[in-house]
Every structure is written in structure tokens, then in C-alpha cells.
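Open the model in your viewer and keep the selection tool at hand. The tour goes from one selection to the next and says what is there.

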Amino acid sequence: MALKQAIYVLAACCASAYVAPGRRSAALAPSPRRRALSCRPTKMTIVAPLILPRPKKTPSRLSVAVDPFVEPWIKPKTLAKVGVAAAALRWALSKDLVAFLASYNAALATRPFQTKAIGTGVTYFASDLTAQSLEGDESVPLRQRLGRALRFAVVGGLWVGPLLAAWFTAMDAMIPGNGAGAVISKVVMDQVIQGPLMIGSMFVLVGLLAGGSLRDGVATVRTRLWDVWVKSVYVWAPVQAVQQLVVPLQYRVAVANLVSYFWDTYMASEMAEECDVAKDIAYASR
């Protein structure tokens, strides 16, 4: 019943809206006061939601330091390659991991420096090849790609690996133990002394092997060392803290090489620019 009444009222309102003005009865004519009131403009207040622009996020020091290293890895094509490589490595190690660890421990016991140096050289070779793959320059000949990777591997095997082995042994001799104070002291010493020395010497050695001069290498260190060293602190300070707490001395270079694969991929890309400049300078001086 209420529905019918609502329909009747709606129909009456529609009919009255379409009645011509001349046919309206005089009784329904608006009074002068009502007419005056009806002629006033109606103020309409529209309440709109307050929409504020999103504040721009200021990048943190951590993102500024790490983004150039992380961004090349987050591409879908790169992630697919890394996944395939990780699956292949896992399959290879699962076949005879116990025998591999036994032979590695025997090599560490008989030839510690040589074993660590070879492991570091292999890691640097793989890192440079990965960096070249991420750079995506397919016009470079295979011989040139392998030459660049071999130069980087020589620096890793003949310099970085032995230096790390001697450095870890010296730190444990100077600051024995793995207490909180000892670990903090070792991490600070590692980042303040070994970090700049390692990065600076790598810039110089890679430049020399590419045909550059010692002066060019020193100039590169002066302009690039600070930025790369700050990034290295974000990566290596936590790694070294964990190493000093839980990793035995003989395995620290191997663990460092595992993390170093990703870090040295970034370093290889950074140093590739310097190698290209060194080649151009050497070619122009002939």
C-alpha cells in the first residue's frame, strides 16, 4: 500500500512539472513575497574531499648507496638467469658435496694461500662475466670479453685473495676472541684500513692491466674511492661482523668470496669505465 502511494505522489510531481504556466490556477500563483524569495540566487556549498599531494620520499643514505648495485639485478631477464645458475649450482653441489668439502679442507690444510687465491680468482672471473651480461653490450667480441674477465681474475687471484688471507690472520692475532668489543674493533679496523686499501689498489691494478698509467690510476682513486668505499661499508660491515662471530678463520675467505661474487659484479662494472678510458689514452699515446 505504501508503495502505491509513493508511485501516485511521484506521478503527481511529474505531471505538475509539465503543466504550462498559463494553465496554472490563480490560487497556485506565487505571492509577491514568495516570488521575491524564489528569485534569490541559491548558494550551493560543495564540500569536496581535501586531496593533498603525496610527499616525495627523500632517498635514504642506504638506498643511495645500494641502489646502483641492486638495480641491475632486479630485471626479470637477469633474475631468470640467476635462478637458472643457482639451480645448476645447487644440483652440482648436491651430487657429492661431502667429497668436495673434504678435498677443500685438505687443500686448505696443505696449501692455504694458494687455495684461497684460486677461489678468489675464480669468483672474480665469474663476477666480471656477470657484470658484462648485465651491461647488455652484445657488440663486444668474445675475445675482448674474456680478456676483461681474465684481467679482473688476475687481480683477484694474485692480489685480493692472498691479501684477505693474510689480513684475517693478522686481525685475529692482534685482536683475539669473538666478544662484542673484539668484533666491533675488528669490523672498524677492517672497514677503515683494509677497505680503502683494497678498493684503491684494485682501481690502480685493473687500470694498469688495461694499459693505463700509474698517474691515471691515482687520479681515479682520488675521484672514485670515497663513493665506492661508502657503498662497501654498507655491504661488508655486516658480513664481517657475522664472519667474526660464527665463521672459523680458515673459511672466512671462502665466505667472503661468496658475498664478493655480487659485490665484485658491481665493482667490475665500475672499473670497466676506467679500463675503457685507459685503453683510449694508451691508444692515443702511440
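Which side chains meet in a salt bridge at 2.7 Å, N to O? Select Lys231 and Asp227 to see this pair. Keep in mind throughout that the model is predicted. Both residues belong to helix H9 and are 4 residues apart, so about one helical turn separates them. Lys231 is buried, at 6% relative accessible area, while Asp227 is partly exposed, at 41%.

**Other salt bridges**

The whole structure holds 4 salt bridges. For another of them, select Arg148 and Asp128, whose closest N and O atoms are 3.1 Å apart. Arg148 sits in helix H7 and Asp128 in helix H6, so this salt bridge ties together parts that are 20 residues apart in sequence. Are these two residues buried or exposed? Arg148 is buried, with a relative accessible area of 15%, and Asp128 is buried as well, with 2%.

Next, select Lys186 and Asp172, whose side chains meet in a salt bridge of 2.9 Å, N to O. Lys186 is in helix H8 and Asp172 in helix H7, 14 residues apart, and the pair links distant parts of the chain. Lys186 has a relative accessible area of 2% and is buried; Asp172, at 23%, is partly exposed because buried means under 20%. Now add Arg252 to the selection: salt bridges that share partners join Asp172, Lys186 and Arg252 into one network.

**Aromatic pairs**

How many aromatic pairs does a search of the whole structure find? There are 4. One of them is Trp226 with Trp229, a tilted pair with 5.4 Å from centre to centre and 45 degrees between the planes. These two residues lie in helix H9, residues 214-246, and are 3 residues apart, about one turn of the helix. Color them by accessibility: Trp226 is exposed, with a relative accessible area of 63%, whereas Trp229 counts as buried at 19%.

Move on to Tyr261 and Phe262, an aromatic pair that is edge-to-face, with 5.0 Å between the centres and 75 degrees between the planes. Tyr261 is partly exposed, with 24% relative accessibility, and Phe262 is also partly exposed, with 36%.

**Two packed helices**

Select helix H8, residues 180-209, together with H9. Their axes come within 6 Å and cross at roughly 145 degrees. The crossing of H8 past H9 is right-handed. What kinds of residues make up the contact of H8 with H9? Its residues divide into 18 nonpolar, 8 polar and 3 charged.

**The nonpolar core**

For the last stop, select Phe152, Val160, Met202, Val228, Trp263, Met267 and Met271. These are the residues with the most contacts inside the largest nonpolar core, which has 33 residues. Helix H6 (112-135), helix H7 (142-174), H8, H9 and helix H10 (252-284) each supply at least two residues of this core. Which helix gives the most to it? That is H7, with 9 residues.

Definitions and conventions: Residues numbered from 1 in each chain as written. Predicted model: local features only at pLDDT ≥ 70, side-chain atom pairs only at ≥ 80, totals over all residues. Heavy atoms only, no water. Phe/Tyr/Trp six-rings, centres within 6.5 Å; stacked < 30°, edge-to-face > 60°. Buried < 20%, exposed > 50% of the residue type's maximum accessible area, 1.4 Å probe, protein only. Axes fitted to C-alpha atoms, helices over the stretch in contact; angles between N-to-C directions. Left-handed = near helix turned anticlockwise from the far one by under 90°. Nonpolar A, V, L, I, M, F, W, Y, C, P; charged D, E, K, R; others polar. Core = buried A, V, L, I, M, F, W, Y, C linked by side-chain atoms within 4.5 Å.
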